[in-house]
Amino acid sequence: MSASPAPTSPAPTTADDPCPATGEWHRLDPAELPAEGRVHTAVVDGRSVALARCGGRLSALENRCPHQGGPLGEGSIENGWLRCPWHGYDYDPATGRPPAGFTDAAVAYEVDERPDASYVKLPPPRPEVRTVSDVLVETLVAWGVRHVFGMVGHSNLGFADALRRAEARGDLAYVGIRHEGAASFAASAYGKLTGRPAVCFAIAGPGSTNLLTGLYDARLDGAPVIAISGQVPSKVLGRGALLLATGAFNLTMWVLGALFALFGFLSSIKATTERATEAWLRRSKARRLRRQAAATLPSGPALAGAVAQG
Ligand code: FES
């Protein structure tokens, strides 16, 4: 899409634009304003906005690519287009429209550069809807989870949003980490020290494989840890999509699964052997006591008592 001619749309607000007609004006922090030819993510009224300056003009788009939700504010200005950092789709930074031949448009917001400051007009906030991720987080809280360690990314954004809402309600605490291995080790350590379950989470594919060492630590020490992994949409499962668990990942999981199973099998043999040995010792002791009693007591009816153990 880089060969598209530069956009020429004059104004963002037309009848067929997704630019909202109603809303409130919000003052932009001067430190957030991008330089010429740059795009920048700003948080306005608690919402993420992609601010761009192109041809001297300041513009604002919802910081969500219509393709798969990429952060447009982390993109770049290329030949007058705002290019999404994820898959390179282009949008007019002023109107959000795509180049000719494409249909998806980003949501554009009205911008007003006044003498005192620059303002952006945002629509009324969308009413919050309870999602599957909310139910997942509520279930974790009901299980006693109070701490979650993890890294937010493309494939777990819904879960991260549900965590944010739960944290705002005071239900749990989220601890951000910089490597997924730190999340699983932190959750494992938390479980060992408190006996309570903790959650670690990561994005799909390589993010989840990075959890494995800490999870193995939890497995060896019997720490209660719940690991949650992002995943690609079900419609692209099995098609080699970005971050889909690869053959190498599956092989790694298979080998680790086999190791876990072997470890569990050996542990169960050891436990069974120990139980059998204890039972044999108890029976031997009981036989010896019966022989001693038979040698000292007169023959006849006898009452035998037993104490159940375990
Ligand atoms: S998410 Fe923006 S191009 Fe795919």
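Here is a walk through this fold, sheet by sheet and then into its cores. Keep in mind that the model is predicted.

Start with the overall picture. The protein chain has 6 helices and 13 strands. Of its 310 residues, 28% are buried. The contacts reach far along the chain, too: taking those between residues at least 6 apart in sequence, 64% join residues at least 24 apart.

A good place to settle in is the open sheet of 4 strands, which pair in parallel and line up in the order E11-E10-E12-E13. Look at its two ends: E11 (173–176) and E13 (225–229) each have a single partner strand, so one side of each lacks a neighbour in the sheet. Going from one strand to the next, the twist averages 20 degrees. If you want to zoom in on one pairing, try E12 (residues 198–202) with E13, a parallel pair held over 5 bridges. Val-199 is a handy landmark there, with Ile-226 in E13 as its bridge partner.

Now bring in the helices around that sheet. Helix H2 (residues 157–169) packs on it and touches E10 (147–150), E11, E12 and E13. The direction of H2 makes about 130 degrees with that of E11. Further along sits helix H5 (residues 212–221), where Gly-214, Leu-215 and Ala-218 are buried. Why do these three share a side of H5? They span an arc of only 100 degrees around the axis, which places them on the same side of the helix. The cover over the buried residues of H5 includes helix H3 (180–194), E12 and E13. Just after H5 comes Gly-222, with a positive phi near 65 degrees.

All of this leads to the hydrophobic interior. As a rule, nonpolar side chains in soluble globular proteins tend to be buried together. Here the largest nonpolar core has 28 residues, and Ala-183, Ala-187, Val-199 and Cys-200 are the ones with the most contacts inside it. Helix H1 (132–142), E10, H2, H3, E12 and H5 are the elements that give two or more residues to this core. So what does Ala-187 touch, leaving out residues up to four places away in sequence? The answer is Phe-149, Ala-198, Val-199, Cys-200, Gly-214 and Val-225. Val-199, you'll recall, is the residue that bridges to Ile-226, and Gly-214 is one of the buried residues of H5.

Apart from that core lies another, of 25 residues, with Ala-50, Ala-52, Leu-82 and Ala-106 among them.

Leu-82 is a cue to look at a second sheet. Strands E5, E6 and E7 form an open, antiparallel sheet of 3 strands, in the order E5-E6-E7. E5 (76–78) and E7 (90–91) are its edge strands, each pairing on one side only. Between E5 and E6 (residues 81–83) there are 3 bridges in the antiparallel sense, and Ser-76 finds its bridge partner in Arg-83 of E6.

Finally, have a look at the pairings around strand E9 (residues 118–122). Strand E1 (residues 24–27) runs antiparallel to E9 and pairs with it over 4 bridges, with His-26 standing opposite Val-120. E9 is also joined by 4 bridges to E8 (residues 108–113), again antiparallel. In this pairing Glu-113 stands opposite Ser-118. E8 and E9 make a hairpin, with 4 residues between the two strands.

Key. Residues are numbered from 1 along each chain as its sequence is written. This is a predicted model: local features need pLDDT of at least 70, side-chain atom pairs count only at pLDDT 80 or more; totals for chains, interfaces and linings use all residues. Two strands pair if DSSP finds at least two bridges between them. Axes are lines fitted to C-alpha atoms, for helices over the stretch in contact, and angles run from 0 to 180 degrees between N-to-C directions. Two residues are in contact if their C-beta atoms, placed from the backbone, lie within 7 Å. A residue is buried if 20 or more other C-beta atoms lie within 10 Å of its own, exposed if 12 or fewer, and partly exposed in between; C-beta atoms are placed from the backbone. The arc is that of the directions from the helix axis to the C-beta atoms. A nonpolar core is a set of buried Ala, Val, Leu, Ile, Met, Phe, Trp, Tyr and Cys residues joined through C-beta atoms within 7 Å.
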